[in-house]
Amino acid sequence: MSDHSLRTYDSILDLLPNADNPTPIVRLQRIPDFRHAQVYAKLEWYNPFGAVKDRVAANLIRDAEERGEKLENLVEPTSGNTGIGLAMMSNARRYGFAATLSNQIPLEKRTALRLFGTDLVELNDDLCPMPGQPEGAMLEAEKLGARPGWRELNQYANPANPDAHYRTTGPEIWRQTGGAITHFVASLGTCGTITGTGRFLKEQNPDVKVIGVHPGLGHDIPGVRARRALAVTDFFHPEEYDDIIEIDDEQSYGLCRRLHLEESIIAGPSSGLALAGALRTIPDEPGVIAVVIFPDNAFKYLSSFRKHLPDLFPPEPEEADAAPANPFGEYLEDAFELAKSGPDRVDVTEANRLVESGVTLVDVRNPPELEQVHLRDSVNLPLPDLSAGSLDGLPTDRSTPILTLCGVGTRSLYALLLLKAQGYTDVRSVDGGINAWVEAGLPTA
Ligand SMILES: Cc1ncc(COP(=O)(O)O)c(C=O)c1O
């Protein structure tokens with residue numbers, strides 16, 4: 001028999017949280033520089049599969065089962081955590097599970113998904129595509145979910161996502177704070193957390209302030225979306241929130257590190273983002289009690305921390321000397337790093353000038369991405385084809401000026417290297433990609 005007070009359970013699924021078995025909230029002792037206001041972190045890695053999205057995975061499946069749907073195989077577009085939750089729920093239920101996701105998601109998350117039994121469909125996609133630029137992972141899941149025996153539960157449109165938080169996260173926080181919460185803060189991804197929890201709390205007390213925090217365009221914080229990229233979810237309801245704050249990567253990763261060092265809390269990047277937003281908005285007044293969602297812990301993001309806190313991780317001497325296991329991969333990465341700081345990147349204004357002067361524009365995104373937004377007179381040569389040796393549609397004269405373009409400027413830089421390896425001498429890559437182009441209001445087809 002399961003007993004929360006003894007923490008003895010009949011099944012791992014009995015650990016799923018609810019008001020009787022909440023994930024912990026912990027008061028931050030050192031970081032908030034407040035005299036009066038109290039700030040609590042709700043530690044969501046105490047969910048059975050390690051993240052806030054376990055609540056959603058469990059509720060998506062419960063909801064479908066209770067409607068009498070016969071589930072066999074599930075497929076979901078995911079930045080990792082919903083996928084891990086759905087993989088484990090599917091293992092428990094003997095369902096098949098496939099996830100579609102961007103190959104820009106940290107390797108740790110993609111590894112965990114495979115390890116936990118997911119059939120992974122990795123796509124050459126941006127971490128956070130702009131609206132109007134179709135998300136490869138979403139389109140692919142829709143396609144796969146339409147096959148017989150398959151079902152896409154779709155966390156971006158299924159009301160069981162915010163409902164998970166309305167049923168569990170909200171009631172837990174209300175009870176844990178004795179109804180005294182004044183501010184609720186969450187980062188914004190599908191917006192299930194903020195919308196479901198916020199609705200429950202405002203129903204208890206309309207004065208509770210609900211605050212959303214998001215990163216900027218081109219960010220590197222898995223699980224959350226830039227303001228404009230929130231258009232893909234049905235659950236972004238800014239009219240229900242009291243404030244929406246933007247926080248950059250540097251602040252997020254920096255605050256995360258302070259959480260590790262000053263609070264001994266093993267928080268992941270989106271927790272740093274949410275806390276940074278909270279500290280910017282919460283008033284330091286008597287009676288203020290804020291609860292901030294910490295969606296998951298640091299361990300799935302070690303490669304991201306290495307990237308964003310380079311001073312902490314000097315190269316190990318043996319690493320530098322040892323023969324790389326995959327020399328080609330290593331050298332390509334090195335070449336890519338050099339190209340990033342090299343002279344061959346142009347900003348969108350310069351790119352526009354080159355386009356007007358008749359440069360050959362090579363868009364290396366996948367064809368469905370171009371359907372929504374592309375530039376006039378561009379050649380579409382997807383990066384996987386280029387990397388397999390195809391030069392379809394390119395000029396045979398290798399001295400022709402070429403401009404490569406993708407979503408945010410990463411794939412186009414790889415394309416630049418590949419074209420130079422093929423002998424093209426005058427190649428440049430558009431910094432910030434089509435996202436920056438659209439953002440700058442430059443003409444599209
Ligand atoms: C690490 C992380 N942080 C934040 C979020 C955002 O939560 P929500 O989708 O409920 O807005 C997610 C969602 O996947 C996540 O995985």
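Me: What separates the centres of domain 1 and domain 3?
Reply: In this predicted model, the distance is 38 Å, taken over C-alpha atoms.

Me: How do you know which residues belong to which domain?
Reply: The domain assignment gives the bounds. Domain 1 covers 25-46 + 170-307, domain 2 covers 53-152, and domain 3 covers 343-439.

Me: Which domains does the shell around the ligand draw on?
Reply: Domain 1 and domain 2 each supply at least three residues to the shell.

Me: How many residues surround the ligand, and what makes a residue count?
Reply: The count is 17. A residue qualifies if one of its heavy atoms lies within 4 Å of the ligand. The closest are Lys 53, Thr 190, Cys 191, Thr 193 and Ser 270.

Me: What is the make-up of the shell by class?
Reply: Six residues are nonpolar, nine are polar and two are charged. Gly counts as polar here.

Me: Why is the pairing of Lys 53 with the ligand called a polar contact?
Reply: A polar side-chain atom of Lys 53 lies 2.8 Å from a ligand oxygen. The cut-off for a pair of N or O atoms is 3.5 Å, so this pair qualifies. Asn 81 has a side-chain N or O atom 2.9 Å from an oxygen of the ligand. For Thr 190 the corresponding distance is 2.6 Å. Both values fall within 3.5 Å, so these are polar contacts as well. The protein covers 98% of the 390 Å² of accessible area that the ligand has on its own.

Me: Why is the space taken by the ligand called a cavity?
Reply: The space taken by the ligand is the largest cavity. The term applies because a 1.4 Å probe fits there but cannot get out.

Me: How many cavities of 30 Å³ or more does a search of the whole structure find?
Reply: One. The largest cavity holds about 460 Å³ of space, and 38 residues line it. Nearest its centre are Ser 79, Gly 189, Thr 190, Gly 223 and Val 224.

Key: Residues numbered from 1 in each chain as written. Predicted model: local features only at pLDDT ≥ 70, side-chain atom pairs only at ≥ 80, totals over all residues. Heavy atoms only, no water. Polar contact = N/O pair within 3.5 Å; in protein donor to acceptor, adjacent residues only side chain to side chain. Areas by Shrake-Rupley, 256 points an atom, 1.4 Å probe, with all protein chains shown as cover. 1 Å grid on protein atoms, 1.4 Å probe; cavity = no way out; pocket = protein on both sides within 12 Å on 5 of 7 lines; lining within 4 Å. Sits in = over half its atoms within 2 Å of the grid points. Domains from an automatic or database assignment. Points joined across faces, edges and corners; volume = space filled by probe spheres on them.
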